[in-house]
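Have a look at the fold below and trace the strands as you read. The notes start with strand pairing and work outwards from there.

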Amino acid sequence: MQPPRCCRRWSCPPSHAEGRLRIVEQFGTVYLPLHVLRDQKLIEKHGQKAGLDIKVEWAKLSGGAAINDALISGAIDVGAAGAGPVLVLWDRNRGSADVKIIAALGEQPNYLITSNPNVKTLKDFTKADKIAVPAVVVSQQSRLLQIPTENRASPKRSWPRSSIVKSTT
């Protein structure tokens, strides 16, 4: 069986996990595929079919920054995180860490929710307003909020500003 066409570009040897495999996931419904993987013991079952004895240890961490730190330190083997943490991990460790990326786990919309009825787009935020994000640098939300700033510097790009701000009032 050949690897998918997108994987044929890279000459990666097949991975074989035997022994202990430490997987960390985060909280949220986007990680549902990992719940199925864990609850049905699919890694262990498929490993056994291939003649491998794999013991999987599952844990949860809150946030991509913590998962990146755990990956880099060698405390875990697989970490489930969003696009923001993955991009930061890749960028900061090019050539120095042997990190492989498995994508995509799932997809969910991101909304910027406000209780201020005067805020309809990102342009309506002022310096007095604050926006909370899970992690300032590595979270997907932080990365997405950087795009409109770049768009102001490069007007050729567009951003659907009206589609990301939701009012709770």
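## Strand pairing

In this predicted model, β1 and strand β3 (residues 78-79) run parallel and are joined by two bridges. If you want a spot to zoom in on, Val24 stands opposite Gly79 in β3. On the β2 side, β1 pairs over seven bridges, again in the parallel sense. Two places to check there: Gly19 stands opposite Ile54 in β2, and Arg22 sits opposite Glu57 in β2.

Put together, that gives an open sheet of three strands in the order β2-β1-β3, with parallel pairing. The edges are β2 and β3, each of which pairs on one side only. As a reminder, strands of a sheet pair through backbone hydrogen bonds, either parallel or antiparallel.

## How enclosed is β1?

Why is β1 described as largely enclosed by the rest of the structure? Five of its seven residues are buried, so the rest of the structure largely encloses β1. Part of the surroundings is helix α2 (residues 42-49), which lies across β1 and β2. Helix α2 runs at about 165 degrees to β2.

## The nonpolar core

Which residues make up the largest nonpolar core? There are six in all: Leu21, Ile23, Ile43, Leu52, Ile54 and Val56. Both β1 (19-25) and β2 (54-60) supply at least two residues of this core. It's worth keeping in mind here that side chains in a regular strand alternate between the two faces of the sheet.

Leu21 is a handy residue to click on. Setting aside its neighbours within four places in sequence, Leu21 is in contact with Ile43, Ile54 and Val56, which also belong to that core. The rest of its contact list is Lys55, Glu57, Asp77 and Val78.

## The whole chain

Zooming out, the secondary structure comes to five helices and five strands. Along the sequence they follow the pattern β-α-α-β-α-β-α-β-α-β.

How much of the protein counts as buried? The figure is 25% of the 169 residues. The accessible surface comes to about 12400 Å², and carbon and sulfur atoms account for 56% of that. As for how the chain folds back on itself, take the contacts between residues at least 6 apart in sequence: 65% of them join residues at least 24 apart.

Definitions and conventions:
Residues numbered from 1 in each chain as written. Predicted model: local features only at pLDDT ≥ 70, side-chain atom pairs only at ≥ 80, totals over all residues. Heavy atoms only, no water. Core = buried A, V, L, I, M, F, W, Y, C linked by side-chain atoms within 4.5 Å. Buried < 20%, exposed > 50% of the residue type's maximum accessible area, 1.4 Å probe, protein only. Helix = DSSP H or I, 4+ residues; strand = E, 2+ residues; numbered from the N terminus. Contact = heavy atoms within 4.5 Å. Areas by Shrake-Rupley, 256 points an atom, 1.4 Å probe, with all protein chains shown as cover. Pairing = 2+ DSSP bridges. Axes fitted to C-alpha atoms, helices over the stretch in contact; angles between N-to-C directions.
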